[in-house]
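Please examine the sequence and the structure shown below. A short briefing for a new reader accompanies them.

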Amino acid sequence: MAIRRVAVVGGGINGLAVARQMLLDHPGIALTVFEKEEAVARHQSSHNSGVVHAGLYYEPGGLKARLCTRGAQLVRSYCAENDLPFDECGKVVVALGAEEIPRLEAIFAKATANGVPDVRLIGPEELREIEPNSVGIRALHSPHTAIVSYGAIAGKIAEEVIRRGGIIRTSAAVTRLDERPQGVFVMGRDGAFDDRPFDLVVTCSGLQSDRLAEASGDEADPRIVPFFGQYYVIDPAFRSHVRGLIYPVPDPKFPFLGVHFTKRIDGEMTIGPNAFISFGRENYSGRAVDLRDVLDFATYPGLWKFAARNGAATLRELKTVMSAKVFVGEAAKYVPSLAAVGVKPAVRGIRAQAMTRDGRLVDDFVIRRRGRVTHIRNAPSPGATSSLAIAEYIVREVLALE
Ligand SMILES: Cc1cc2nc3c(=O)[nH]c(=O)nc-3n(C[C@H](O)[C@H](O)[C@H](O)COP(=O)(O)OP(=O)(O)OC[C@H]3O[C@@H](n4cnc5c(N)ncnc54)[C@H](O)[C@@H]3O)c2cc1C
């Protein structure tokens, strides 16, 4: 099949990276990105922790493990080549109690298997040399974990897509993809956006990915269940209490990384994100309720099975949602000098996390091809770190264009 026209749905960092890779590898292709917002990267790609993950936690052999380690290298080079800020501030994962040590060692084993460079298990003295205000009985140090602005990177990739001849159509919400023998029609509310069909389409639509996939004939499962993550910015006078990134040992039963200290590329120090169900997939203020989104998850059996299995963790997260003091208290277990620090709420992020009908959060990336259409069905963290590698994988292996 001769490939001349390709469409990408979604102008977040993954869609833009796929568009760029397609134009790099196949410069003659006519490529269009369809983005529903007025500008690119308005959702997850600009509402995240900004961490370039080194690949510590992911199951060896899985897509996350492979694409995160490769993606981290690619993000580093992309920032260097494009004069974008990249701060290799390093990260420690800290165990406070003896019961956490086996889990910390398991992370170390995974990191080693994933080829993460220079990770080490360290004792309390060395922890204090790296993070003088942090307490803990043991820690894992990942010196090459870094911070960036993924919003800025996405903006730069969008410029490159246009420079290489791609078209980015904003305010273009795709309702479904209509696959016919002659190609795929990209449909909006008023019919096809283009009279001519596309030879291939890749959807990278984040929080809406399950809906677009299902409307286009893909399976209904897994569903996106939106989990928001709240952040607080600490009083600038206390920024120097933390040098880089300080994380807890994640709770194995709860698939998020836990409230942590994250330095931001603009110099601010943040605490967060927690993880709790969001009453809207794009409800950043937290004040509105999107009935369709709520009905979607409330009627999904998977959510209730998940909630029943994760009662304790859900309650812990709820407490951090209800009280900034509890939130700060959770983080201050790792840096006691910040127990009474003043904080201001920052804009939350909302994770496009896929869940199965039996209440399991889908851990690995899910990228599915059916005929001419490929859907990213799950690309939560470290999806931004991995974006340039996800793009290589889709263009070179999933589509395998000659
Ligand atoms: C709180 C939080 C913290 C995170 N921290 C990190 C981190 O530190 N490091 C890391 O690597 N990752 C992190 N992530 C994950 C990372 O942000 C995501 O994996 C990544 O941004 C996903 O990019 P995307 O392009 O797939 O999705 P998005 O950025 O959500 O983009 C999807 C795009 O598709 C568009 N779209 C949706 N539906 C349609 C439609 N029907 N028609 C047209 N356009 C459509 C949307 O408007 C949007 O622009 C975090 C995420 C969150 C929420």
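The notes below treat the sheets, one helix and the cysteines in turn.

This is a predicted model, in which local features need pLDDT of at least 70 and side-chain atom pairs count only at pLDDT 80 or more, while totals for chains, interfaces and linings use all residues. Residues are numbered from 1 along each chain as its sequence is written, and side-chain values use heavy atoms, with hydrogens and water left out.

An open sheet of six strands is described first, in the order β8-β2-β1-β12-β20-β19. An open sheet of three strands, β9-β10-β11, is described after it. Helices (H or I, at least four residues) and strands (E, at least two) are DSSP runs, numbered from the N terminus.

**The six-stranded sheet**

- The pairing in this sheet is mixed; two strands count as paired if DSSP finds at least two bridges between them.
- Its edge strands are β8 (167–169) and β19 (366–370), each of which pairs on one side only.
- On average, neighbouring strands are turned by 15 degrees against each other, direction ignored; axes are lines fitted to C-alpha atoms, for helices over the stretch in contact, and angles run from 0 to 180 degrees between N-to-C directions.
- Helix α11 (residues 387–398) packs on the sheet and touches β12, β19 and β20, where contact means heavy atoms within 4.5 Å.
- The direction of α11 makes about 30 degrees with that of β19.
- Strands β12 (residues 200–203) and β20 (residues 373–378) are parallel and share three bridges, with V201 opposite V373 of β20.

**Strand β1 and its neighbours**

- Strand β1 (residues 5–9) is mostly covered, since five of its five residues are buried; buried means under 20% relative accessible area, exposed over 50%, and partly exposed in between (1.4 Å probe, protein chains only).
- In a regular strand the side chains alternate between the two faces of the sheet.
- From β1, R5, A7 and V9 point one way, whereas V6 and V8 point the other way.
- Strand β1 runs parallel to β2 (residues 30–34) and is joined to that strand by five bridges; A7 stands opposite T32 in β2.
- The chain passes from β1 through α1 to β2 in a right-handed β-α-β crossover: with the strands pointing away from the viewer, the path from the first strand over the helix to the second runs clockwise.
- Strand β1 also runs parallel to β12, with four bridges between them, and V6 stands opposite L200 in β12.

**Helix α1**

- Helix α1 (residues 13–25) has 13 residues, which should span 18 Å at 1.5 Å a residue; the expected span is 1.5 Å times one less than the number of residues.
- The end C-alpha atoms of α1 are 18 Å apart, in agreement with that expectation.
- Eleven of the 13 residues of α1 are buried, so this helix is largely enclosed by the rest of the structure.
- Among the buried residues of α1 are I13, L16, R20 and L23.

**The three-stranded sheet**

- The strands of this sheet pair in the antiparallel sense, and the edge strands are β9 (176–180) and β11 (191–192).
- Strand β10 (residues 183–188) and β11 are antiparallel over two bridges; the bridge partner of G188 in β11 is G191.

**Cysteines**

- The structure holds zero disulfides, a disulfide being a pair of cysteine sulfur atoms within 2.5 Å.
- For C68, the nearest cysteine sulfur is that of C79, 14 Å away.
- C68 counts as buried, at 0% relative accessibility.
- For C89, the nearest cysteine sulfur is that of C79, 13 Å away.
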